[in-house]
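Biologist: I am new to this structure. Could you show me how to read it?
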Amino acid sequence: MHYNMKKSLFAGVRREDLIMRHVVAARLETSRHAVVGSLLLITSVIWLLGGLAAGSGAAILAILPLALSVLLVWGSPRVAVTAADGVVRPSVSWPWTRAEAEEFVSAVSQELLARG
């Protein structure tokens, strides 16, 4: 099984070849940064409303941190595969790839159940 290990959204990908019989668990988690995202969301909304009230271009600049704050609160799927050596190999992806992550974890879990 080829597995792309990626510890964070902006980290590089490290490809690992895992033998399926050495895999003992696979789980799907959600990586959220609710506090930072909420603070950024509040700041962005205040900046957006202030820019709209003043009629300045600052309102347009507030859209980028607003979008980032939504992504931080929404959360990213994190797949963690554990091998027989006990090392957890995480892989974090963008929020819109959750269906692919669920499908991967389901396939690995079914294989683990089938082999007993």
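Biologist: Which strands does helix 4 lie across, and at what angle does helix 4 run to strand 3?

Modeller: This is a predicted model, where local features need pLDDT (the predictor's confidence in each residue, from 0 to 100) of at least 70, side-chain atom pairs count only at pLDDT 80 or more, and totals for chains, interfaces and linings use all residues. Residues are numbered from 1 along each chain as its sequence is written, and side-chain values use heavy atoms, leaving out hydrogens and water. Helices (H or I, at least four residues) and strands (E, at least two) are DSSP runs, numbered from the N terminus. Helix 4 lies across strand 3 and strand 4 (contact: heavy atoms within 4.5 Å), at about 155 degrees to strand 3. Axes are lines fitted to C-alpha atoms, for helices over the stretch in contact, with angles from 0 to 180 degrees between N-to-C directions.

Biologist: What is the order of the strands in the open sheet?

Modeller: Strands of a sheet pair through backbone hydrogen bonds, either parallel or antiparallel. Here the order is 3-4-5, with antiparallel pairing; pairing takes at least two DSSP bridges between two strands. Strand 3 (23-31) and strand 5 are the edges, each pairing on one side only. Five bridges join strand 4 and strand 5, and Val 81 stands opposite Arg 89 in strand 5.

Biologist: Which element has the lowest mean pLDDT?

Modeller: Strand 1, with 70, while strand 3 has the highest, 91. The protein averages 86, and 93% of the residues score at least 70.
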